[in-house]
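Dear colleague,

Please find below the structure that I am handing over to you. A short account of the findings comes after it.

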Amino acid sequence: MSIASESLLVPVIDLTNTAQTHPHHARQIRRLGAGVILTLLLSLLLMPVRAQEAPAEPEDPQPRPRPQPVQTLSADGLTANLYFGALTQGQVGLVHLTGDGIRSARALLRTREYEFQPGPDGWYTLVVADIDAVARDYPLSILAQREDGQLSSLEARLTINAAGFLRQGFSVPADRAFLTDPEVERYEFARIDLMTLERRPDWLWELGGFQLPIGSDFTSGFGQYRILNQNSITRHTGWDQRAPVGTPVGAMAGGEVVFAGQLDIRGNYVLIDHGWGVYSGYAHLSQINVAVGQMIERGQLLGLSGNTGRSSGPHLHWEINVHGEWVDGVAFLEMWLPGT
Ligand SMILES: [Zn+2]
């Protein structure tokens, strides 16, 4: 995990409580005339009720500036731009491939194949330094088939660095302790593997890219080892944010709802396909407002946060899956992607 990600774990001070209890603020309020206070109260009453709205769509989103590729490789009539140097466990890298007459292409890294998708200016794929990758150098092979049937290839090397994932004890309430059974977890992961098999060739995210589903502070980070009830061990596949039951949850980007229903561990769960093998999931909801097959936009209300499934208290758990691997969603949010 990067230093930037860890710093997000620092609790944010609740300014509303400070304003109510701080003596300095109290003195200021006493100094205000009664008329001013009345005006303030009236304007507060006239303010729209934000609590029932989904996180707002950013007004007039600006395109993200396209970064310079970190590495450019050419061989066999192919040119690959890598928009990353070394990757940390759980991070995603963007590869841009150009060459004459490419019919299809794929990248090979560790045990996975990554299909390239056609973009406006060549071919693109996202490769994943998976959460369990041993930190060392790996070959990254790029293979392309030409229109005339010929194969071309290009070899790169990728360093995967250790993220230093933390260990955390996690207590599941007694009435839900059966959800710590590793068999329950294997079954749920297998179901999600099936839901995320589809690789849409088009992207469905909008200009400006992905955004957080709610605006509150982070309470638990991606990748942590969790020891459940001092019994079984699991990995944290996403990020947790503070959320009282009933907090509106917005879509992180445009996409298609591919699951909206109940799972054992994730409770009431919504899964969105954003295209290019990118999915976002929203867990432990108290209410679901969307249905499978529905096309949604960034910021659209998906449901209300809750405490369903294997949860030890109300919060929002969200997660990003790329090509079948759970990735660090906060790092992913910061990435430049074509179309953002
Ligand atoms: Zn979580």
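The notes below go from the whole chain to its core and then to single residues.

Please bear in mind that this is a predicted model. The protein chain has 340 residues, and 37% of them count as buried. Its secondary structure consists of 6 helices and 24 strands. Among contacts in the chain with a separation of 6 or more, 68% join residues that are 24 or more positions apart.

The largest nonpolar core contains 63 residues. Within this core, the residues with the most contacts are L97, V127, I142, Y269, V270 and Y282. At least three residues of the core come from domain 1 (71-161), and at least three from domain 2 (167-333).

One of these residues, V270, may be followed further. Setting aside residues up to four places away in sequence, V270 touches V257, F259, A260, Y282, L285, I288, V290, L302 and G303. Y282, itself among the core residues with the most contacts, is thus one of the residues that V270 touches.

The second residue to report is T98, which belongs to strand β4 (residues 92-98). Is T98 buried or partly exposed? T98 counts as partly exposed because it has 16 C-beta neighbours inside 10 Å, whereas a buried residue would need 20 or more. Apart from neighbours within four places in sequence, T98 is in contact with T79 and G122. T79 is 19 residues from T98 along the chain, and their C-alpha atoms are separated by 5.3 Å.

With kind regards

Technical notes:
Residues are numbered from 1 along each chain as its sequence is written. This is a predicted model: local features need pLDDT of at least 70, side-chain atom pairs count only at pLDDT 80 or more; totals for chains, interfaces and linings use all residues. Helices (H or I, at least four residues) and strands (E, at least two) are DSSP runs, numbered from the N terminus. A residue is buried if 20 or more other C-beta atoms lie within 10 Å of its own, exposed if 12 or fewer, and partly exposed in between; C-beta atoms are placed from the backbone. Two residues are in contact if their C-beta atoms, placed from the backbone, lie within 7 Å. A nonpolar core is a set of buried Ala, Val, Leu, Ile, Met, Phe, Trp, Tyr and Cys residues joined through C-beta atoms within 7 Å. Domain bounds come from an automatic or database domain assignment.
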